[in-house]
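Grab a pencil and work through the exercises below with the model open beside you. Try each task before reading its solution.

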Amino acid sequence: MGKTKAQIARKHGRAAAGLPGSPIADRPAPPRHNGNLILIPAVAAALFLFWYFHLLTLPQMTQLSGGLSMPDMLLGGYDVPYIEQLRSAMDTAALGQLSYVHKTAGTLFPLLFGLAWLLLVQLNVSRRWLRWALWSPVLLFVVVDLWENVAIDSALAAPDAGSVALASTLTVTRWVLFAASCAAGLLAVLLPHRVRSRT
């Protein structure tokens, strides 16, 4: 006596019995979006821009300032006499070149760094409160860095106690927030999974 289609399906599967497959089982799995495909190039680009802006371009600007460092690189800040000395050492073309660097690499670096680090935290931390705690220094860094570029150009254009103090404060704050952002990125990766994840 031959087996029914139901019996064949139970033993060998629905396809072997000539029955249509289960709509759930036969449905292709939705594609998984791999955030690393975006994260890795973003981090690489941010590191390249850090090297280009801080380790290549700004040190080269000392050739136009008689060896004086650009304000961006002075981690401890600066005062009015230093800005006046730098301003007198740089001609109009050199000041214009520094302003151009601020508007190009100086703007691209914090934006790309911020994007890469926000994504890094997003991909590794699922607890909302922890994610926002790690995002906070990164977001503040981007704002302060962009503001610092404008403040330095303004202080060099017309140095006075107020504008120089603002630019100096932003420079120091920027470096502190940059260090805090790097630490946040490391914590997002190195914290135990039970701390980073909801489950």
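**Exercise 1. Place Val189: find its helix, its exposure and its contacts.**

Solution. Start with the element: Val189 sits in helix H8. Helices here are DSSP runs (H or I, at least four residues), numbered from the N terminus. Bear in mind that this is a predicted model, where local features need pLDDT of at least 70, side-chain atom pairs count only at pLDDT 80 or more, and totals for chains, interfaces and linings use all residues. Residue numbers start from 1 along each chain as its sequence is written, and side-chain values use heavy atoms, with hydrogens and water left out.

Next, exposure. Val189 has 42% relative accessibility, so it counts as partly exposed. The scale runs like this: buried is under 20% relative accessible area, exposed is over 50%, and partly exposed is in between (1.4 Å probe, protein chains only).

Last, the contacts (heavy atoms within 4.5 Å). Setting aside neighbours within four places in sequence, Val189 touches Leu120, Asn124 and Arg196. Take Asn124: it is 65 residues from Val189 in sequence, yet the C-alpha to C-alpha distance is 6.3 Å.

**Exercise 2. Work out how Arg174 is paired up.**

Solution. First, count: the structure has two salt bridges. The term means a side-chain nitrogen of Lys or Arg within 4 Å of a carboxyl oxygen of Asp or Glu.

Second, take the partners in turn. Arg174 and Asp145 meet through their side chains at 3.0 Å, N to O. Asp145 belongs to helix H7 and Arg174 to helix H8, so this pair ties together parts 29 residues apart in sequence. Arg174 also forms a salt bridge with Glu148, at 3.2 Å, N to O. Here again the pair joins H8 to H7, so parts 26 residues apart in sequence are tied together.

Third, put the pairs together: Asp145, Glu148 and Arg174 are linked in a network of salt bridges.

Fourth, are these residues buried or exposed? Asp145 and Arg174 are both buried, with Arg174 at 1% relative accessibility. Glu148 is buried too, at 0%. Beyond four places in sequence, Glu148 contacts Asp72, Ala167, Leu170, Thr171 and Arg174.

**Exercise 3. Find out which helices build the largest nonpolar core.**

Solution. Begin with the term: a nonpolar core is a set of buried Ala, Val, Leu, Ile, Met, Phe, Trp, Tyr and Cys residues joined through side-chain atoms within 4.5 Å. The largest one has 36 residues, and Met70, Tyr78, Leu86 and Phe141 are among those with the most contacts inside it.

Now the helices. H3 (36–60), H4 (80–89), H5 (92–103), H6 (105–124), H7 (128–157) and H8 (161–190) each supply at least two residues. The largest share, eight residues, comes from H7.

Don't miss the second, separate core: it has seven residues, including Val121, Leu130, Leu134 and Trp135.

Zoom in on Leu86. Not counting residues up to four places away in sequence, Leu86 touches Ser65, Leu68, Ser69, Met70, Pro71 and Leu156.

**Exercise 4. Locate a nonpolar patch on the surface and check one member.**

Solution. Such a patch joins nonpolar side chains (Val, Leu, Ile, Met, Phe, Trp, Tyr) within 5 Å, from residues with over 30% relative accessible area and no salt bridge; for charged patches, like charges are joined within 9 Å. Phe48, Trp51, Tyr52 and Leu55 fit the bill, with about 430 Å² of accessible area together. That area comes from the Shrake-Rupley method with a 1.4 Å probe; for residues, only the protein chains shown count as cover.

Now check Leu55. This residue lies in helix H3 and, at 51% relative accessibility, counts as exposed.
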